[in-house]
Amino acid sequence: MTALQTAVMIGMAALATQLTRWTPFLLFRRKTPSVIAYLGAVLPSAIWGMLVVYCFRNGPLVTASNGIPEILASAATIGLQAWKRNMALSIAGGTLCYMALVQIVFPISG
Amino acid sequence: MIAHSVAASAKAAFRTTLPILIGFGFCGFSYGLYMHSLGFEPIFPILMALTIFAGSLEFIMASMITGPFAPVTAFIVGLVVNARHLFYGIAMLDRYRDTGPLKPYLIYGLVDETFSILGMGQVPEGADKRWYYFFVTLFNEAYWVLATAVGAVFGEDMPFDTRGIEFVLPALFLSIFVSSWQQERQHFSSLGGLGITLGCLLAFGTAHFLLAAMLFIVFLLLVFRKKLSPLTGERA
């Protein structure tokens, strides 16, 4: 591909992405219809569930360990959040737990 | 007074986006490195980070632009991969309504991670809502673009062992899920989102599950509207 063709490809991907972000705002510019307002209120909870599945969609991040580090670190994150209700602490704790697990307990070369 | 609340908003935004700094720092760097390894000049990943500004699509596009010229495919892949952003727009419609001249920028930069911070609904004390929205969006974009640039320009691995640091984004989504769970009176939508997406992943595989899950989620929420709308509080 020429540099111009590459730029066109990138432009098309950018255009599609912007379309997904702008569409709701362009469609409901004046007043939000009540059914859309309802969806806007109930969707976030469903989106958090969707995003949790989405970020684990490819299975274990480190395939050699059968997903054990992911399960343990997720349990640590959930447990910390349920206990202390402090998101920064839950995120840091869960991530450090995962790093320790994949670097020390289930080390792989690379 | 105004300058003070702008500064307070920027400070609050920096605090709430710290996990994104770590997550984007790592992912953006890896993405820049990946583009470097494919032989692209740094300007390409930096341009992609600025224009596409959607992590997973940029990784997909990186491999697509090493193949044949296919602009229509690029467009369709972009729509399918990022269709979930429609949900973010719907959820932010009313909150972004009175953001004035900042609004176009907020819509342009509504990525997963920005929505995850702003969609929770709380604006930190002392921060101005509009400036807080702006700085969260701006900081997240800056982390992503700068990390991409560093990876693309230097093209060498991190000097210390970062294995596992990518868990910071799953950890962010997990703790948001739990935090939202603790604040809601019933868990219909949370469980529906989790269960439907998981079911669709198992049924349709990684390539197509998200669109199917979105359709089923909207369908389910609409079917149970009468039951759920009294529980949504003031915005129903």
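**View 1. Helix α1 of chain A packs against helix α4 of chain B.** In this predicted model, α1(A) covers residues 3-27 and α4(B) covers residues 55-64. Their axes lie 11 Å apart and meet at an angle of about 155°. Angles over 145 degrees count as roughly antiparallel, so α1(A) is roughly antiparallel to α4(B). The crossing of α1(A) with α4(B) is right-handed. Look for A:Met9, A:Ile10, A:Ala13 and A:Thr17 on α1(A), which meet B:Leu57, B:Met61 and B:Met64 on α4(B). Sorted by class, this contact has six nonpolar residues, one polar residue and no charged ones.

**View 2. Helix α2 of chain A packs against helix α10 of chain B.** Here residues 34-55 of chain A form α2(A), and residues 168-183 of chain B form α10(B). The angle between α2(A) and α10(B) is about 150°, with the axes 9 Å apart. The two helices are therefore roughly antiparallel to each other, and they cross in a left-handed way. From α2(A) come A:Pro44, A:Ser45, A:Trp48, A:Gly49, A:Leu51, A:Val52 and A:Cys55. They meet B:Leu169, B:Pro170, B:Phe173, B:Leu174, B:Ile176, B:Phe177 and B:Ser180 of α10(B). Eleven residues of this contact are nonpolar, three are polar and none is charged.

**View 3. Helix α10 of chain B also packs with helix α3 of chain A.** The partner this time is α3(A), residues 68-84. The axes of α3(A) and α10(B) are 9 Å apart, at an angle of about 40°. That angle makes α3(A) oblique to α10(B). The crossing of this pair is right-handed. On α3(A), the contact is made by A:Ser74, A:Thr77, A:Ile78, A:Gln81 and A:Ala82. On α10(B), B:Ala171, B:Leu174, B:Ser175, B:Val178 and B:Ser179 take part. By class, five of these residues are nonpolar, five are polar and none is charged. You may recognise B:Leu174, which also appears in the contact with α2(A).

**View 4. Chain A and chain B meet across an interface with 63 residues from chain A and 74 from chain B.** Which helix gives the most to the side of chain B that touches chain A? That is α10(B), with 14 residues. The residues on this side of chain B divide into 47 nonpolar, 19 polar and eight charged.

**View 5. The largest nonpolar core has 101 residues.** Those with the most contacts inside this core are A:Ala13, B:Ile52, B:Met61, B:Tyr132 and B:Phe173. Some of these names come back from the earlier views: A:Ala13 and B:Met61 belong to the contact of α1(A) with α4(B), and B:Phe173 belongs to the contact of α2(A) with α10(B). Which residues surround B:Tyr132, leaving aside its neighbours within four places in sequence? B:Tyr132 is in contact with B:Ser9, B:Ala12, B:Ala13, B:Val123, B:Pro124 and B:Ala127.

**View 6. B:Ala91 sits in helix α6 of chain B.** Is B:Ala91 buried or exposed? B:Ala91 counts as buried, because 24 C-beta neighbours lie inside 10 Å. Leaving aside neighbours within four places in sequence, its contacts are A:Gly40, A:Leu43, A:Pro44, A:Ile47 and B:Gly119. A:Pro44 is a residue to look for in View 2 as well, where it is part of the contact with α10(B). B:Phe115 is 24 residues from B:Ala91 along the chain, and their C-alpha atoms are separated by 9.1 Å.

**View 7. B:Val72 and B:Thr73 lie in helix α5 of chain B.** B:Val72 has 8 C-beta neighbours inside 10 Å and so counts as exposed. B:Thr73 has 15 such neighbours and counts as partly exposed. The C-alpha atoms of B:Val72 and B:Pro42 are separated by 25 Å, with their places 30 residues apart along the chain. For B:Thr73 and B:Gly126, 53 residues apart in sequence, the C-alpha to C-alpha separation is 46 Å.

**View 8. A:Arg85 and B:Phe53 have positive phi values in residues other than glycine.** Phi is near 55° at A:Arg85 and near 45° at B:Phe53. B:Phe53 is in the loop between α3 (43-51) and α4 of chain B. With 22 other C-beta atoms within 10 Å, B:Phe53 is buried. A:Arg85 has 14 C-beta neighbours inside 10 Å, so this residue counts as partly exposed.

How values were computed. Residues numbered from 1 in each chain as written. Chains lettered and ligands numbered in written order. Predicted model: local features only at pLDDT ≥ 70, side-chain atom pairs only at ≥ 80, totals over all residues. Axes fitted to C-alpha atoms, helices over the stretch in contact; angles between N-to-C directions. Helix = DSSP H or I, 4+ residues; strand = E, 2+ residues; numbered from the N terminus. Parallel < 35°, antiparallel > 145°, perpendicular 65-115°, else oblique. Left-handed = near helix turned anticlockwise from the far one by under 90°. Contact = placed C-beta atoms within 7 Å. Nonpolar A, V, L, I, M, F, W, Y, C, P; charged D, E, K, R; others polar. Core = buried A, V, L, I, M, F, W, Y, C linked by C-beta atoms within 7 Å. Buried ≥ 20, exposed ≤ 12 C-beta atoms within 10 Å, placed from the backbone.
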